[in-house]
Each structure stands twice: as structure tokens, then as C-alpha cells.
Amino acid sequence: SPGLYVVSTPIGNLRDITLRALDILSAADEVLAEDTRVAGKLMSAYGIKARLSPYHDHNGAERRPQILSRLADGGRIALISDAGTPLISDPGWKLVHDALEAGHKVYPVPGASALLAGLVASGLPSDRFMFAGFLPPKSGARKAALETLKHVPGTLVFYESGPRLAESLADLAAVLGGGRTAAVARELTKLFEETRRGTLTSLAEHYQTAGPPRGEIVILTGPPEEKTSTPGDLDAALRDALLTMP
Ligand code: SAM
């Protein structure tokens, strides 16, 4: 049926695409792609002859009215990004917003995202988490951003690049506390996939020494230490207080 389909594609392993995603890409009147060359490789790997056109941050404003009029004509339009789920640190939010405002249908076609892949293999609590996207590239702005996240009572998930990993881990340690448990997930679903766990301090030291790692990275930090007191803690505190009373 007509509408905008937000289609997830692989984050590394080419086989991480759903059968429904392939059906929808094959049947779409137009596939909007962040980079048509990247999309072309995926299409040819699956023998799909899609009509590809570019949609990214630099042409979005100009393209949105055309896309909306195609939707109004009953078009089936798919949106993909270079990897994973569109809109997740990738273009598409304004298009989805405007399509809905104009009364069109928007369908998610779920699949891979580095955010969830990193989270589920991190060993960190997954009942509550916050996706914080990319941190600012400059240390001052990065620390200021981290201050606002310091007390979030759940796991934090960040996207990062190899060259910035060590300095980001150092700032995370400085602001959130070096003892916080964390994980660095790298090259998920690819040949050199690796998830390294440790405290923020130990991870910062590791990557400072080892140098910038290759590939794509997700950083995760566990929730802040809870300062809840148990009845046992309370008893011990009272005993201590009695012992030190004059
Ligand atoms: N939309 C994508 C998604 O759903 O995961 C994310 C796009 S964002 C521009 C790219 C960032 O995602 C990378 O810099 C990296 O932080 C993360 N990423 C993507 N693929 C990854 C992978 N295979 N392993 C680890 N991180 C990955």
C-alpha cells in the first residue's frame, strides 16, 4: 500500500536484512538513500533493481516537497540509510514528521541497529537505557553534554569513531566517575567484532596505550552507583554511631 517505509539495512553482515525489507525495497516506486553508491551495492547483492535517489541532510529541505507530492499520488517510497536503522543518528526525522503531518502513512520495517546490537552484548543493564547519539567532538562541549547525563538512572549508549575513542573515554571517566562499569563494542556483526568491558578508567587507559582502533564503535556506560540503603546498612551505621558516641 502507499506510504513511506522506513527500512533498516545491515550494520556490517550483509545477511542481516529481513525478508520483508527485501520485498519492500523490490516493490518500492522509489528508494531514498543517504548515499546511492552504498545503497547500490546492497541492491546488487540482492539482485534488486530499485529506483534510487539521494536523500540526506544537505538536500532534505529541497526534496521533501517532491517526496510529499509523490506520496500524495499514491507512491510507495522507501527510506534507507548507509547502515542500520534510518533516523538513528541518520537522516529522516523531518521527512517522517512532515509525511505524518500531511496525513500519509509511515511504516517501520525494523531490523539492525548498532544501538541495540551493542546493548544486548554489553552485559550492562538493559531494562532502562538512554541513547545519547554522538558526543560533541570538542572536549569542553563534550564534558558539558556529559554533565547533563551524569544522573540518568540507566545505561547510556553513545556512538563514537575510532580516532576520538580514547579522549571520549577520558572525558566520560572525568565526568561520570572512572569506576563506572562500561563497554566498548566495535565492528559489530563484522569479522573483527569485539566487545571490551571494564571500568571507564581501565578502558580509557587501554585505548590510550593501544592507540585508536579501526572501525565503528558503540560506547556504553552502566547506571550510576545507587545510594540506596538496606536495613543491614542501617544497622551497621547505627552500630558505628553508638560506638563513636561520647
Ligand atoms: N543508523 C545507524 C544505526 O542504526 O546503528 C547508525 C548510523 S551512525 C551515522 C554510524 C555510527 O553507528 C558509527 O559511527 C558507529 O558509532 C555506529 N555503528 C554503525 N555500525 C556499527 C557496527 N557494525 N559496530 C559498531 N558500531 C557501529
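Hi everyone. One definition before we start: when I say helix or strand, I mean a DSSP run, with at least four residues for a helix and at least two for a strand, numbered from the N terminus. Please also keep in mind that what you have in front of you is a predicted model.

With that in hand, let's begin at a loop. L87 lies between β4, residues 76-80, and α4, residues 93-101. Its phi is positive, about 80°, although L87 is not a glycine. Is L87 buried, exposed or something in between? It has 17 C-beta neighbours inside 10 Å, so it counts as partly exposed. S89 sits in the loop between β4 and α4 as well. Here too phi is positive in a residue other than glycine, with a value near 50°. S89 is also partly exposed, because 17 C-beta neighbours fall inside 10 Å.

Let's walk back from that loop into β4. This strand is mostly covered, with four of its five residues buried. It belongs to an open sheet of five strands in the order β3-β2-β4-β1-β5, and the pairing is parallel. At the edges you find β3, residues 52-54, and β5, each of them pairing on one side only. On average, neighbouring strands here are turned by 25° against each other, ignoring direction.

Which strands pair with β4? One of them is β1, which runs parallel to β4 and is joined to it by four bridges. If you like to click along, L4 stands opposite I77 in β4, and Y5 stands opposite A78. Another is β2, again parallel to β4 and again over four bridges. There, A33 faces I80 of β4.

Now for the helices around this sheet. Helix α3, residues 60-72, lies across β1, β2 and β4, and runs at about 140° to β4. Helix α1, residues 19-27, has three buried residues: A21, I24 and L25. Why do they end up on the same side of α1? They cover an arc of only 100° around the axis, and that puts them together on one side. On the other side of α1, L19, D23 and A27 are exposed. As for what covers the buried residues of α1, the list includes β1 (3-7), β2 (30-33), β4 and β5 (106-109).

One residue on helix α2 is worth a stop: R37 has its place in that helix. R37 counts as exposed, because it has 10 other C-beta atoms within 10 Å, and the cut-off for exposed is 12 or fewer. Along the chain, R37 and D82 are 45 residues apart, yet their C-alpha atoms are separated by 9.3 Å.

Let's move on to the other sheet. Five strands form an open sheet in the order β6-β7-β10-β8-β9, and this time the pairing is mixed. Which strands stand at the edges? They are β6 (129-134) and β9 (194-199); each has a single partner strand, so one side of each is left without a neighbour in the sheet. From one strand to the next, the twist averages 20°.

Inside that sheet, β7 and β10 pair in the antiparallel sense, over six bridges. Take Y159 as a marker: its bridge partner in β10 is V218. Two helices go with this region. Helix α7, residues 165-176, lies across β7 and β10 and runs at about 10° to β10. Helix α8, residues 200-210, packs on the sheet and touches β8, β9 and β10, its direction making about 125° with that of β9.

Last stop, the ligand. Which residues come nearest to it? Of the 24 residues around the ligand, those are G84, S113, A114, Y159 and L188. So that is Y159 again, the bridge partner of V218. What kind of residues make up the shell? By class, there are ten nonpolar, eight polar and six charged residues. Several elements contribute: α5 (114-120), β7 (155-161), β8 (181-186) and β10 (216-221) each supply at least two residues of the shell.

To recap the tour, we have one open sheet with parallel pairing, another open sheet with mixed pairing, and a ligand with 24 residues around it. Thanks for listening, and I'm happy to take questions.

How values were computed. Residues are numbered from 1 along each chain as its sequence is written. This is a predicted model: local features need pLDDT of at least 70, side-chain atom pairs count only at pLDDT 80 or more; totals for chains, interfaces and linings use all residues. A residue is near a molecule or strand if its C-beta atom, placed from the backbone, lies within 6 Å of it. Ala, Val, Leu, Ile, Met, Phe, Trp, Tyr, Cys and Pro count as nonpolar, Asp, Glu, Lys and Arg as charged, and the others, Gly among them, as polar. Two strands pair if DSSP finds at least two bridges between them. Axes are lines fitted to C-alpha atoms, for helices over the stretch in contact, and angles run from 0 to 180 degrees between N-to-C directions. Two residues are in contact if their C-beta atoms, placed from the backbone, lie within 7 Å. A residue is buried if 20 or more other C-beta atoms lie within 10 Å of its own, exposed if 12 or fewer, and partly exposed in between; C-beta atoms are placed from the backbone. The arc is that of the directions from the helix axis to the C-beta atoms.
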